[in-house]
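Colleague: Could you take me through the sheet in this model, close up? I'd also like to hear about whatever sits around it.

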Amino acid sequence: MIEKINENLINEIFKSAFKSKTIFNVLLENFEYHFLPTEEYKNIWKTASTYFKALNALPTIGIIAEDFKDNVKVLQALNQIKEADIIEKGQLIPQIEEYLKRVYFLNLYEEMGDYYESGNKDKAITALQKGAEHMSSFSLEAKTFKGVYEGFADRYIGRVEKNQSGRSEGSKCVFGIDCLDERTRGGLEKGKTCLITARSGAGKSKFLKWIAFSNALLGKKVLHFQLEGSEDEVLRLYDAMISGSSAYDIEKTKLTDDKIKSIVDAVNKKKAKNEDIHVVAYEEFGSATMAKIRSSAMEYIKQHGNIDCLVVDYLDECDPGDGLRYQPTTEGQKNKKQAVAKYFTNLCIEIDCAGFIATQASDIPPSIWNDPKQVLTRSNIGADKNLPNKFSAHITLNQTADEKKNNVMRLYEDKYRDHLSGMT
């Protein structure tokens with residue numbers, strides 16, 4: 001008798017497959033209905049695989065639930081899938097492979113036993129040889145290798161269908177700055193990350209909040225991690241953006257009743273659509289790690305669905321959470337920032353969102369920052385000029401003393417992986 005996959009694992013497998021075409025394709029090629037523990041999961045897999053084959057698009061829990069809105073047991077199973085963790089491909093594929101090898105072994109054992117009991121020893125030996133060869137060469141990891149020429153047609157057809165259906169429209173996360181959005185043809189794609197560099201007090205935090213706010217206005221789901229300053233301070237600045245008022249007027253409650261009413265009406269419409277910026281503030285110094293951020297992001301996905309835009313303010317205040325001790329030396333801090341950057345980028349790829357994070361420039365002499373002809377580059381990043389290598393984009397904020405008085409900021413596009421860079 002074939003061992004069924006336990007429900008906890010199948011929930012994690014389905015949750016992860018609904019986020020990754022690679023994992024979904026592995027299941028399509030290797031899963032059989034009798035592996036699944038109950039009829040509810042069989043119904044879910046049948047609907048999900050039919051949708052995927054027909055549209056070449058990943059199904060969602062909502063799409064499947066619509067087909068089974070009168071089936072309480074299926075809806076309960078879908079809720080368990082929704083609550084499950086997303087497992088990284090590198091961890092999940094080996095688990096699926098180990099299960100399938102156990103299935104093949106049990107099948108082989110039963111087949112050999114049947115031949116042997118019927119007196120057909122030669123067939124039993126042949127079955128053993130073939131089974132052993134199959135199991136020694138079986139690998140799901142090999143199925144994750146992508147052929148460039150081999151997959152071109154399928155990938156292009158998928159893009160055509162995506163564009164024609166309108167699913168690709170609005171998938172990018174904007175900067176909220178016209179020139180940047182025009183240069184990037186609409187902003188940062190999901191799975192990509194942007195590093196923002198500026199001097200202390202030059203506006204990194206404000207820029208990150210503006211990015212978050214601009215995407216929330218477009219109906220994106222935004223998750224903001226504040227690693228410096230209090231939660232109250234962050235929310236007050238967002239309240240100022242929502243109301244189009246100064247942070248001082250918000251703090252001193254100087255808004256008129258009419259203005260408050262119009263803001264509340266607008267906010268309620270956003271809430272009804274489940275569109276919001278959710279803030280997590282680490283107010284205790286040194287308590288923030290990328291491991292905690294990932295855990296919080298996964299919990300957010302369980303409660304609110306996919307994240308469109310992830311904002312972290314800021315990189316220098318974060319620890320990787322990898323258990324390693326980074327020395328307070330230049331080399332130690334360089335390694336720490338590289339580890340945080342790598343973790344952040346991998347997380348945005350894993351959960352398929354656009355990510356924005358800031359870092360502080362090194363001690364820049366006034367001859368550079370106070371010269372309107374000069375701009376900060378990767379060479380001005382504290383401890384590590386190679387940090388932008390981990391990101392899809394790198395933008396620096398530049399402002400002289402006179403420009404600050406006149407409310408002018410120069411943005412320098414130090415790096416775009418997908419577009420021409422070097423513009424101010």
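Modeller: Here is the sheet, followed by its surroundings and then the helices at the start of the chain. Keep in mind throughout that this is a predicted model.

Let's begin with the strands. There are 7 of them in an open sheet, and reading across you get E3-E2-E4-E5-E1-E6-E7, with mixed pairing. At the edges sit E3 (277-281) and E7 (410-416), each of which pairs on one side only. Neighbouring strands are turned against each other by 20° on average, if you ignore direction. In general, strands of a sheet pair through backbone hydrogen bonds, either parallel or antiparallel. For a parallel example, look at E1 (residues 193-198) and E5 (residues 354-360), which are joined by 6 bridges. Within E5, Ala358 is the residue that stands opposite Ile196.

Two helices lie across these strands. H15 (residues 330-351) lies across E1, E4 and E5, and it runs at about 165° to E5. H14 (residues 290-304) lies across E2 (222-226), E3 and E4 (309-313), running at about 150° to E2.

Now go back to the edge strand E3, where you'll find Ala281. Leaving out residues up to four places away in sequence, Ala281 touches Gln226 and Glu231. The C-alpha atom of Ala281 is also 7.8 Å from that of Glu228, although the two residues are 53 apart along the chain.

A couple of backbone details deserve a look too. As a rule, most residues other than glycine have a negative phi, and most peptide bonds are trans. The bond from Asp313 to Tyr314, however, is cis, with omega near 5°. Tyr314 belongs to the loop between E4 and H15. Thr253 has a positive phi, near 50°, and isn't a glycine. You'll find Thr253 in the loop between H12 (247-251) and H13 (257-272).

Next comes the second largest pocket, with a volume of about 930 Å³. It is lined by 31 residues, and the closest to its centre are Ala202, Gly203, Ser205, Lys206 and Phe207. H10 (204-217) gives the most to this lining, with 6 residues, and H11 (231-243) supplies at least two. Sorted by class, the lining has 14 nonpolar, 10 polar and 7 charged residues.

Finally, the start of the chain. Two packed helices are described by the angle between their axes and the distance between the axes. H1 (residues 7-17) and H2 (residues 21-30) have axes that come within 7 Å and cross at roughly 125°, which makes H1 oblique to H2. On the H1 side, the contact is made by Ile13, Phe14, Ser16 and Ala17, and on the H2 side by Ile23, Phe24 and Leu27. That contact has 6 nonpolar residues, 1 polar and no charged ones.

H1 also packs with H5 (residues 72-83), at an angle of about 70° and with the axes 8 Å apart, so H1 is roughly perpendicular to H5. Here Glu7, Asn11, Phe14 and Lys15 of H1 meet Ala77, Gln80, Ile81 and Lys82 of H5. By class, this contact comes out at 3 nonpolar, 2 polar and 3 charged residues. Phe14 is worth clicking on, since you'll see it in the contact with H2 and again in the one with H5.

Definitions and conventions:
Residues numbered from 1 in each chain as written. Predicted model: local features only at pLDDT ≥ 70, side-chain atom pairs only at ≥ 80, totals over all residues. Heavy atoms only, no water. Pairing = 2+ DSSP bridges. Helix = DSSP H or I, 4+ residues; strand = E, 2+ residues; numbered from the N terminus. Axes fitted to C-alpha atoms, helices over the stretch in contact; angles between N-to-C directions. Contact = heavy atoms within 4.5 Å. 1 Å grid on protein atoms, 1.4 Å probe; cavity = no way out; pocket = protein on both sides within 12 Å on 5 of 7 lines; lining within 4 Å. Points joined across faces, edges and corners; volume = space filled by probe spheres on them. Nonpolar A, V, L, I, M, F, W, Y, C, P; charged D, E, K, R; others polar. Parallel < 35°, antiparallel > 145°, perpendicular 65-115°, else oblique.
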